Amino acid sequence: MGETTTAARRRLVVKIGSATLTTSESSIDYGFLDDLAAQLDTVRRAGWDVVVVTSAAIACGLEALGIAKRPTDMPSLQAAASVGQSALSTAYAEAFGRWDMLTSVVLLTRRDTADRTAYLHARDTLRRLMELDVVPIVNENDTVSVEQIRFGDNDTLAALVACLIDADLMVILSDIDGLYTANPLIDPAAELIPRVDRVGREILAAAGGAVSGVGSGGMITKIKAARVLMAAGIPMVICQGRRPDCVVDAAAGVPVGTLFTAPERPHEITPKKLWIALGDAVHGTLVVDEGARAALVERGKSLLSVGIREVRGSFDYDDIVDVADETGHVFARGRAAAGSDLVALAVGKSREAVAANGILSVLADRPVVHRDELVLFE
């Protein structure tokens, strides 16, 4: 297609789970890749630029190495990822090449996104690749990732990529049809939920369970990704990845699976807030009372120490923390203006009481989480 402008084009992120991309023997399903390439050629001709977020490097590596049972030690897993990434990249390049699509490989870890400057560089690289009419194939860099810098699942990585490129839609190709009212493998009465307008407690409860045998994520990771995307104004679809023309239909607005809506793009969701929401690992939780919750959600206020009831976890100044109500429901995420030890001493104290305390006085002139560094999920 040659070099094109992306000014008038929409942006689509397609995330493919390991269970969808591999056969029951955990080898690459080349027939699936061929069909996916045909679908992406169709949506690209319809005016979409596409980024693919893929899984299965480790599974492909284990196949190539002749290892039947997935190891538990990190060096073996990283070695398998190193071998598998080459096979996976080749499979994508060949399948997409048959439709004259040029692919590239983009490997990320949290280290590449936890720093805001690196986050912006990753954004610029992905956008430039799309300008050059390339289809980036993004994966977590499992060869060097360790627990401290892993995304943990590619649903989170895909949501990050969608935010990085300011996507118009994200589609998760899964091994189930979408979000159900209960786990359909256990409850025969479970019903598919075709549309979600808000991720509240009941949706999070419905998402509990159902983890595939070859992937690292479950439905709950997909819902948490959807929660951030909805806050960013990016709709998301979860559907059965082997359903005929599922990507084409989702891009065209045809109902498939479960749609998480985002009818309006909020003005306050800045790139900085998106980085806070997805670019770094969460280090702790601030549990707040109902008054503080109302101030944050309904009145657009910052979080003050007087409304905090409990500090969970250990975090430092500038670390990312969740904000939860007293039932444990996480409704926001932000950057802490002080470490957990200091915040714990200030729990429930008014600004006057904080100012009068020599140790805590540093918090008198600033909130624990400033509104400009807070992302609401509802």
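**Figure 1. Ser55 and its surroundings in the predicted model.** Ser55 is buried, with a relative accessible area of 9%, a value that falls under the 20% limit for calling a residue buried. The model shown here is a predicted one, and Ser55 is placed in the loop between β2 (48–54) and α3 (57–65). Setting aside residues up to four places away in sequence, Ser55 touches Lys15, Ile16, Gly17, Ser18, Leu21, Leu88, Asn139 and Asn154. Ser55 is also one of the positions that UniProt, in an unreviewed entry, lists under "binding site", together with Asp142 and Asn154.

**Figure 2. Asn154 and its polar contact with Asn139.** Asn154 belongs to helix α7, which covers residues 154–164, and it counts as buried at 9% relative accessibility. When residues up to four places away in sequence are not counted, Asn154 touches Lys15, Val53, Thr54, Ser55, Asn139 and Glu140. With Asn139 there is a polar contact between the two side chains, at 3.2 Å. The "binding site" listing in the unreviewed UniProt entry includes Asn154.

**Figure 3. Helix α7 within the chain.** Of the 11 residues of α7, 11 are buried, so this helix is largely enclosed by the rest of the structure. The buried residues of α7 include Asn154, Asp155 and Thr156, and also Leu157, Leu160, Val161, Cys163 and Leu164. Just after the helix, Asp166 takes a positive phi of about 55 degrees. As a background to this view, buried residues make up 55% of the 378 residues in the chain.

**Figure 4. Arg9 and its polar contacts with Trp48 and Asp49.** Arg9 is found in the segment before β1 (10–16), and with a relative accessible area of 18% it is buried. The side chain of Arg9 reaches the backbone oxygen of Trp48 at 2.8 Å. A polar contact of 2.9 Å also joins the side chain of Arg9 to that of Asp49.

**Figure 5. The sheet of 8 strands and the helices α4 and α9.** In this open sheet the 8 strands follow the order β3-β4-β2-β1-β5-β7-β8-β6, and the pairing is mixed. The edge strands are β3 (102–108) and β6 (195–196), each of which pairs on one side only. Strand β6 pairs with β8 (residues 258–260) in the parallel sense over 2 bridges, and the bridge partner of Arg195 in β8 is Leu259. Helix α4 (residues 74–97) packs on the sheet, where it touches β1, β2, β3 and β4 (134–140), and the direction of α4 makes about 150 degrees with that of β3. Helix α9 (residues 219–232) likewise packs on the sheet, touching β1, β5 (169–174), β6, β7 (236–240) and β8, and the direction of α9 makes about 155 degrees with that of β7.

**Figure 6. The sheet of 5 strands.** Strands β10-β9-β11-β12-β13, in that order, form an open sheet with mixed pairing. At the edges stand β10 (308–313) and β13 (374–376), each with a single partner strand, so one side of each is left without a neighbour in the sheet. From one strand to the next, the twist averages 25 degrees. Within this sheet, strand β11 (residues 320–324) and strand β12 (residues 330–335) run antiparallel and are joined by 5 bridges. Asp322 has Arg333 in β12 as its bridge partner.

**Figure 7. Gln39 in helix α2.** Gln39 lies in helix α2, which spans residues 30–45, and it is buried, with a relative accessible area of 4%. Leaving aside its neighbours within four places in sequence, Gln39 is in contact with Asp245, Cys246, Val247 and Val248.

**Figure 8. The whole chain, as context for the close-up views.** The chain has 14 helices and 13 strands. Among its contacts with a separation of 6 or more, 74% are between residues 24 or more positions apart. The chain exposes about 16,100 Å², of which carbon and sulfur atoms supply 52%.

Methods:
Residues are numbered from 1 along each chain as its sequence is written. This is a predicted model: local features need pLDDT of at least 70, side-chain atom pairs count only at pLDDT 80 or more; totals for chains, interfaces and linings use all residues. Side-chain values use heavy atoms; hydrogens and water are left out. Helices (H or I, at least four residues) and strands (E, at least two) are DSSP runs, numbered from the N terminus. Buried means under 20% relative accessible area, exposed over 50%, partly exposed in between (1.4 Å probe, protein chains only). Contact means heavy atoms within 4.5 Å. Accessible areas come from the Shrake-Rupley method with a 1.4 Å probe; for residues, only the protein chains shown count as cover. Two strands pair if DSSP finds at least two bridges between them. Axes are lines fitted to C-alpha atoms, for helices over the stretch in contact, and angles run from 0 to 180 degrees between N-to-C directions. UniProt positions are given in the numbering used here, feature names are shortened, and annotations may be inferred rather than shown by experiment. A polar contact is a pair of N or O atoms within 3.5 Å; within protein, one must be able to donate a hydrogen and the other to accept it, and residues adjacent in sequence count only if both atoms are side-chain atoms.
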